[in-house]
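Reader: Could you walk me through how to read a few features of a model like this one? I'd like the general idea each time, then the case at hand.

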Amino acid sequence: MKLRFLLIYIVVLIAVGAGGCYVIANGNLSKDIPTHTIEINRCIARLADNWEAVSADENLLIPSDEMFDYSVIDNDGNVLIYTREDISKSIQSATSNYDIIRDIEVNGTVEGKILVHNPKAELEKQTNAKIAVFAGCLILVTVVVFIFYYIYLKRCVIDPFNKLKGFAVRIAGGNLDTPLDMDKGNVFGPFTESFDIMRDELKASRDREQQAVKSRKELVAQLSHDIKTPVASIKAMSDVLSLTADEETKVTISQISNKADQIDALISNLFHATLEELEQLEVRTEDINSTDIVQMVTEADYLKKVNVLDIKQAVVRADRLRLNQVINNIIFNSYKYADKEINITSRFDNGNKMLLIEIADKGPGVPEEELEIITQKFKRGSNAGISEGSGLGLYISDYLMNKMEGSLTPKNKEDGFAVEIGLKIS
């Protein structure tokens, strides 16, 4: 239903209502009250001719043989005959009802009266009934039209608007994959295609942005990997030069080597963080003998600070490369933050079928309330001080251990700080 149809309906309704009011105001809904003058005169003559028989009756109901109803009374007010129960039967009631009162003369003498019923009340009732029917029909038509108009509004305005509202909420929430249903038959029909084109453009823009971010991260990862090669060469050449250099030169070479280690650690953090964001840190578990873990610890402890190394004999499931990376990260953190001797012990957790390896140092540890967050990305202990770091070492180590179906738990001890890693026993 278009707006012009509603306006036409309103105009027609006003016209019909005005016409009905005019008819009601001018009394045209009811017929004029009939007088029946000739018929009444004829009835009076007939009653006069048969007065002896009529006067002998007493309160007798007879069928009317005229176009009107009437009653006949004598001079004493006694009802002789009448044609209907609910008509006037006395002068007083006939007067109040505006009935026609005529004398009945017999041989020039008034013997009685005829009370002709005035049908005004019945006609008014009929008129009122017609008015009620007219008003009821008008109201019914109005209600029906407005019901249809409400259905039209709901289907063509309210429901499409709610659909657009839901579409906007989905777009705001980042859902750019669900298209908007096209329906050009509603008020918002011309807009639905434009809204869906907007969704397509936003989706294409987001895809381009994600691709650009991914390309940038891939570039960073590639550059990080390429930088590690010359850094490793610098480290190797430093080691070779230190074998033949004098003591003063060895100090300088040692400083160069330490800076190379620092650059290598930072590049490793950047490289692994970038790969993790690209979801390229693959973990492939295999059976590893615990003696291999001893070798990993020995290679990672280049400052020779591991004082106790007790790894129990077992075969565990792990990724050799990633486990080596985890051990290197933990030992390097101990070097950086504690710079104390390191004790590495192990025990079995038979309930969970795990080999638990504890790497502990004599460092200050971290505040208890921060133990749960230091394995999160870019989180470090508040007492890290001026020590350089990005907050990625333990995060990546925890990520890798979870990928290997193991665990990583940092904790404070009475005499220092420890990181416990759990490996699943094969």
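Reader: Let's start with contacts along the chain. Of the contacts with a separation of 6 or more, what share comes from residues 24 or more positions apart?

Author: Contact here means heavy atoms within 4.5 Å. In the protein chain, residues 24 or more positions apart make up 62% of the contacts with a separation of 6 or more. Keep in mind that this is a predicted model. The chain has 10 helices and 12 strands, and 34% of its 426 residues count as buried.

Reader: How do I check a helix, say helix 9? What should its 18 residues span?

Author: Go by the rise per residue. At 1.5 Å a residue, helix 9 (residues 320-337) should span 26 Å, and its end C-alpha atoms are 26 Å apart, so the two agree.

Reader: And what caps its N-terminal end?

Author: Look for a side chain reaching a backbone nitrogen. That's Asp319: one of its side-chain oxygens lies 3.0 Å from the backbone nitrogen of Leu321. Past the other end, just after helix 9, Asp339 has a positive phi of about 55 degrees. Within the helix, the buried residues include Leu323, Val326, Ile327, Ile330 and Ser334.

Reader: Ser334, okay. Which residues does Asp361 contact, leaving aside neighbours within four places in sequence?

Author: Ser334 is one of them, along with Ala338, Glu341, Ile342, Asp415, Gly416 and Phe417. Asp361 itself lies in strand 10 (residues 354-361).

Reader: Is Asp361 buried or exposed, and how far away is the nearest side chain of opposite charge?

Author: With a buried charge, check for a salt bridge, which needs a nitrogen-oxygen pair within 4 Å. Asp361 is buried but has no salt bridge; Lys362, the nearest side chain of opposite charge, is 8.5 Å away. A polar atom of the Asp361 side chain does lie 2.9 Å from the backbone nitrogen of Gly363.

Reader: What about cysteines? How many disulfides does a search of the whole structure find?

Author: A disulfide is a covalent bond between the sulfur atoms of two cysteines. The search here finds zero. As for accessibility, Cys43 is buried, with a relative accessible area of 0%, while Cys137 is partly exposed at 44%.

Reader: One last residue: where does Leu202 sit?

Author: Place it by element, then by accessibility, then by spacing. Leu202 is in helix 6 (residues 189-244) and is partly exposed, with a relative accessible area of 36%. Leu202 and Ile171 are 31 residues apart in sequence, and their C-alpha atoms are 8.9 Å apart in space.

Definitions and conventions: Residues are numbered from 1 along each chain as its sequence is written. This is a predicted model: local features need pLDDT of at least 70, side-chain atom pairs count only at pLDDT 80 or more; totals for chains, interfaces and linings use all residues. Side-chain values use heavy atoms; hydrogens and water are left out. Helices (H or I, at least four residues) and strands (E, at least two) are DSSP runs, numbered from the N terminus. The expected span of a helix is 1.5 Å times one less than its number of residues. Buried means under 20% relative accessible area, exposed over 50%, partly exposed in between (1.4 Å probe, protein chains only). A polar contact is a pair of N or O atoms within 3.5 Å; within protein, one must be able to donate a hydrogen and the other to accept it, and residues adjacent in sequence count only if both atoms are side-chain atoms. A disulfide is a pair of cysteine sulfur atoms within 2.5 Å. Lys and Arg count as positive and Asp and Glu as negative; His and the chain ends are not counted.
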